[in-house]
Amino acid sequence: MSRIGKQPVLIPAGVTVTVDGNHVHVKGPKGELDREFSSLISIEEVAAEAKLSSDPNALELTVTRNDDTQESNAQQGLSRTLLHNMVIGVSTGFEKKLELTGVGYRAALKGKDLDLSLGYSHPVIYKAPENISFEVPDNTHITVKGISKEQVGQVAAEIRAKRPPEPYKGKGIHYAGEHIRRKLGKAAK
């Protein structure tokens, strides 16, 4: 049995979940998310146990397998994690922080879009997808915010790919806290 999959997903106050077969719709203060899950698992909404929640009316989602195959075991853990991310996303949201390192590298907001100066002969404009917002607290830091963890990670990876960090001087776009392996270059020989 999947260790992750057997854990229930607690639904916080202000979040409503609609389960229709294997289609789940989650609505919360930050927005709405829909997802279709595998037919190898079944999702049920049940009353939360008293030890998990102080609210007597609290609900939780449980993910169970339909059979004992290895694939359904994997789908149980995956589905539970995706459900948990959907509930967290619509209640609190997700964010990913990026940093720009290098002389002349800077970021600015142009409306909802991101205007990046990355050492090219032209500015790089990154259009904000739906449900994603950018924050630029200063010209070398970018925060990507959204309700879908998958989409926030994908957008952050696409922005990082515009100028990935290079190993000699460390210039480029990198995640906050990311360690860049440095090389010594010609001077070391």
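These legends go with close-up views of a predicted model.

**View 1. Helix 1 and its buried residues.**
Helix 1 (70-91) is built from 22 residues, and from its first C-alpha to its last it reaches 32 Å, close to the 32 Å expected at 1.5 Å a residue. Plenty here is tucked away: the buried residues are Ser72, Gln76, Gly77, Ser79, Arg80, Leu82, Leu83, Asn85, Met86, Val87, Gly89 and Val90. When scanning that list, keep in mind that an α-helix has 3.6 residues a turn, so residues three or four places apart point the same way. After the helix comes Gly93, with a positive phi near 90°.

**View 2. Met86, a buried residue of helix 1.**
Met86 sits in helix 1. Its relative accessible area is 4%, so Met86 falls under the 20% cut-off and counts as buried. Leaving out residues up to four places away in sequence, Met86 touches Val24, Val26, Leu33, Asp34, Arg35 and Phe37. One of these partners, Val24, is 62 residues away along the chain, yet the two C-alpha atoms are separated by 9.6 Å.

**View 3. The largest pocket, with Met86 in its lining.**
Rolling a probe the size of a water molecule over the atoms shows where empty space is left. Here the largest pocket comes out at a volume of about 150 Å³. Its lining is made of Leu33, Asp34, Arg35, Leu82, Asn85, Met86, Ser148, Lys149 and Glu150. Strand 4 (32-36), helix 1 and helix 2 (149-161) are the elements that give two or more residues to this lining. Sorted by type, the lining residues come to 3 nonpolar, 2 polar and 4 charged. Leu33, Asp34 and Arg35 are familiar from the previous view, since they are among the contacts of Met86.

**View 4. Asn22, in a loop between two strands.**
Look for Asn22 in the loop that links strand 2 (16-20) to strand 3 (23-27). A loop residue it may be, but at 16% relative accessibility Asn22 is under 20% and therefore counts as buried. Who are its contacts, apart from neighbours within four places in sequence? They are Arg35, Glu36, Phe37, Ser38, Ser39, Ile41 and Ser42. Two of these names turn up elsewhere: Arg35 and Phe37 are also touched by Met86.

**View 5. Thr62 and its partners.**
Thr62 belongs to strand 6 (residues 59-65). Setting aside residues up to four places away in sequence, Thr62 touches Pro8, Ser42, Ile43, Glu44 and Val46. Take Glu44 as a landmark: its C-alpha lies 5.4 Å from that of Thr62, with their positions 18 residues apart in sequence. Ser42 is worth a second glance too, being a contact of Asn22 as well.

**View 6. The largest nonpolar core, and a second one apart from it.**
The largest nonpolar core has 19 residues, and those touching the most other members are Leu116, Phe134, Ile142, Val144 and Ile159. At least two residues each come from strand 7 (94-101), strand 9 (113-117), strand 10 (124-126), strand 11 (132-135), strand 12 (141-146) and helix 2. Helix 2 gives the most, with 4 residues. There is also a second, separate core of 18 residues, including Val17, Val26, Ile41 and Val87. Val26 has already appeared as a contact of Met86, and Ile41 as a contact of Asn22.

**View 7. Leu116, up close in the largest core.**
Leu116 is a strand 9 residue. With a relative accessible area of 0%, Leu116 is buried. Beyond its neighbours within four places in sequence, Leu116 is in contact with Arg106, Ala107, Pro123, Val124, Ile142 and Ile159. Ile142 and Ile159 are listed with Leu116 among the core residues that touch the most other members. Lys162 is 46 residues away in sequence, and its C-alpha is 9.2 Å from that of Leu116.

**View 8. Asn131 and its backbone.**
Asn131 lies in the loop between strand 10 and strand 11. Most residues other than glycine have a negative phi. Asn131 isn't a glycine, but its phi is positive, at about 70°. Is Asn131 buried or partly exposed? Its relative accessibility is 46%, which means Asn131 counts as partly exposed.

How values were computed
Residues are numbered from 1 along each chain as its sequence is written. This is a predicted model: local features need pLDDT of at least 70, side-chain atom pairs count only at pLDDT 80 or more; totals for chains, interfaces and linings use all residues. Side-chain values use heavy atoms; hydrogens and water are left out. Buried means under 20% relative accessible area, exposed over 50%, partly exposed in between (1.4 Å probe, protein chains only). Contact means heavy atoms within 4.5 Å. On a 1 Å grid over the protein atoms alone, a cavity is a set of points where a 1.4 Å probe fits but cannot get out, and a pocket is an open set with protein on both sides within 12 Å along at least five of seven lines; lining residues have an atom within 4 Å of a point. Grid points are joined across faces, edges and corners, and a volume is the space filled by probe spheres set on the points. Ala, Val, Leu, Ile, Met, Phe, Trp, Tyr, Cys and Pro count as nonpolar, Asp, Glu, Lys and Arg as charged, and the others, Gly among them, as polar. A nonpolar core is a set of buried Ala, Val, Leu, Ile, Met, Phe, Trp, Tyr and Cys residues joined through side-chain atoms within 4.5 Å. The expected span of a helix is 1.5 Å times one less than its number of residues.
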